[in-house]
Amino acid sequence: MLRALLLVGLLLMSTFSATLEASSMALVETWAGRFPDVTSVGWGDLTGDEQEEILVAQGERIRVLSRTKDSLELAWELELPGISVTSICVAGPGRLIVGTGQAGTVRCFRLVGSQTVEVQRSDYLWSPVKKMLFADLTGTGHDEVVVLTEKGSVHVFQQDENGLHQVWVSPGEIPLQLLLVADYDGDGRSELVVGDENAVEVLKWEDGQMITLWKNYPWGQLTGLFQGGDKELWLRTGQDVLYAYRWNGETFVLSWSLSDPLLNMEAPVLGRIDNQPAFIGGATLPHPGVGVWKASKGGLEEIWFSGPIGVVKSVLHLPSGEFLVMTDRDVVHLWRPVPADFYRVVFVGQQIQLLHPPVERRGALWISLRDISELFRLTMAWDRETKSITVLKGSLYVILKPDTELIEVNGQSRILSASPFIQKDVTYVPIDFIRVALGGFVDWNDRTRTLWIQP
Ligand SMILES: [Ca+2]
Ligand SMILES: [Ca+2]
């Protein structure tokens with residue numbers, strides 16, 4: 001509800017105020033693919049060329065997508081007969097680890113050409129694998145496989161040539177839902193952070209067992225664990241509170257906290273945008289999509305939100321800075337952060353540069369009248385007395401005024417989707433001016449940030 005009110009507020013502001021601060025960044029969709037019944041996504045360098053591949057699991061099949069100049073293409077398909085893949089990790093070139101559904105196992109494969117050869121597997125976990133991470137918890141110099149199951153158990157496996165050996169399992173009185181690995185005490189080994197509904201616990205491997213370094217019961221229901229900054233542990237609760245705890249060398253102490261209804265996003269990851277922590281996750285208002293919220297002690301600030309793409313099921317932050325987003329519509333998207341004024345314009349099939357960059361206000365786009373005039377070869381006149389602009393082309397004349405949606409086309413009243421405005425001596429009109437006033441074709445795709453114009 002509050003979000004809807006905020007949105008209405010923003011829309012009103014953008015109508016009345018031409019100088020509304022634009023956000024500093026946006027995400028642009030660089031690739032999207034439909035994968036019926038997609039069960040999981042992952043990434044990693046399978047080929048050993050230091051360029052990560054994207055992996056998409058659909059039950060028994062994993063599709064491996066590799067980078068092209070500015071997109072992705074299907075490199076190969078792996079068949080894993082009889083296995084339902086619920087989680088994928090790349091352990092190194094040619095080495096794939098999958099978590100499975102049903103009785104739940106962790107299985108390691110080696111890629112030989114386009115074939116997969118199983119080399120190791122765990123015992124049954126008796127619950128589907130929900131999440132899998134790699135981290136060196138024990139200080140052997142090799143990563144362990146850390147697994148969270150649907151029923152709420154956490155398992156730590158060491159790998160050797162004979163198989164996967166479980167070295168720790170959570171005691172299991174209360175189902176765990178949250179999992180994080182991070183080296184807080186700076187000894188080069190990761191700590192294991194687990195959370196159930198009520199408590200968070202930081203565990204450390206010492207003398208062949210896991211010991212509790214810190215345990216805390218934040219007020220409310222725990223819904224997220226994040227590594228915020230290098231020594232900070234952030235806890236999110238269902239009551240829309242964020243607690244930031246800082247490792248002081250001995251224990252975690254509450255550094256700051258905030259309460260903000262915008263914390264209610266789905267499947268969030270904590271990344272960095274403009275060198276500031278930001279959540280990237282899903283929201284369903286005003287429509288299901290993916291958004292970016294900068295987080296600081298003062299609260300959350302929504303700086304970008306996509307068009308409707310479906311309910312976000314998972315977000316992965318890639319080393320390249322991109323975000324891999326899986327939705328409930330069986331579509332996987334790759335989004336890249338770009339400056340807020342990033343755009344492409346295609347005019348009659350050719351990519352062109354405009355004199356003045358278009359101005360975007362929450363999904364709506366304005367373009368300078370000067371640019372339209374160049375593209376459509378218009379003549380323009382400014383009437384100082386009535387503060388109106390007359391646009392002429394052959395027998396067509398259009399009269400418009402800043403700050404009103406009403407325009408006149410050959411003597412007939414028409415309404416634009418938003419008001420034209422003047423900013424730094426440049427007149428901007430909403431892009432539907434091209435259609436309503438000039439009878440041309442115009443389309444703005446805010447996913448790819450591409451504006452299509454055709455006379
Ligand atoms: Ca690669
Ligand atoms: Ca450590």
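**Exercise 1. Find the partners of strand β11 and describe how they run.**

Start with the strand before it: β10 (residues 129–135) and β11 run antiparallel and are joined by six bridges. This is a predicted model, so treat each step as a reading of a prediction. Within that pairing, K131 sits opposite L148 of β11.

Now turn to the other neighbour. Strand β12 (residues 154–160) also pairs with β11 in the antiparallel sense, here over four bridges. On this side L148 stands opposite V154 in β12. L148 therefore makes a handy landmark, and your viewer should show it facing K131 in one pairing and V154 in the other.

To finish, look at the connection. β11 and β12 make a hairpin with four residues between them, and G152 in the turn has a positive phi of about 100 degrees.

**Exercise 2. Decide whether the two faces of β11 are buried or exposed.**

First, sort the side chains by direction. E144, V146 and L148 point one way, while V145, V147 and T149 point the other way. Next, check each set: all of these residues are buried. The solution agrees with the count for the strand (residues 144–149), where six of its six residues are buried. For scale, 36% of the 455 residues of the chain count as buried.

**Exercise 3. Work out which side of helix α2 is covered, and what I372 touches.**

Begin by listing the buried residues of α2 (residues 369–376): L369, D371, I372 and L375. They lie on the same side of α2, because they cover an arc of only 155 degrees around the axis.

Then take one of them, I372, as a test case. A residue needs 20 or more other C-beta atoms within 10 Å to be called buried. I372 has 24, so I372 passes.

Who are the neighbours? Leaving out residues up to four places away in sequence, I372 touches I367, L378, V429, F433 and I434. You can also check a distance along the way: I372 and I431 are 59 residues apart along the chain, yet their C-alpha atoms are separated by 9.4 Å.

Last, look just past the end of the helix. R377 follows α2 and has a positive phi, near 50 degrees.

**Exercise 4. Inspect three backbone spots in loops: D274, V348 and P286.**

Keep the usual pattern in mind: most residues other than glycine have a negative phi, and most peptide bonds are trans.

Step one is D274, in the loop between β22 (266–273) and β23. The phi of D274 is positive, near 50 degrees. Is D274 buried or exposed? The limit for exposed is 12 or fewer C-beta neighbours; D274 has 11 within 10 Å, so D274 is exposed.

Step two is V348, in the loop between β29 (344–347) and β30 (350–352). V348 likewise has a positive phi near 50 degrees. With 10 C-beta neighbours inside 10 Å, V348 counts as exposed.

Step three is P286, in the loop between β23 (276–283) and β24 (289–296). Here the peptide bond from L285 to P286 is cis, with omega near 0 degrees.

**Exercise 5. Summarise the chain as a whole.**

Count the elements first: there are three helices and 41 strands. Then take the dimensions: the C-alpha trace spans about 85 × 50 × 30 Å along its principal axes. Finally, consider the contacts with a separation of 6 or more: 39% of them come from residues 24 or more positions apart.

Conventions: Residues numbered from 1 in each chain as written. Chains lettered and ligands numbered in written order. Predicted model: local features only at pLDDT ≥ 70, side-chain atom pairs only at ≥ 80, totals over all residues. Contact = placed C-beta atoms within 7 Å. Pairing = 2+ DSSP bridges. Arc of directions from axis to C-beta.
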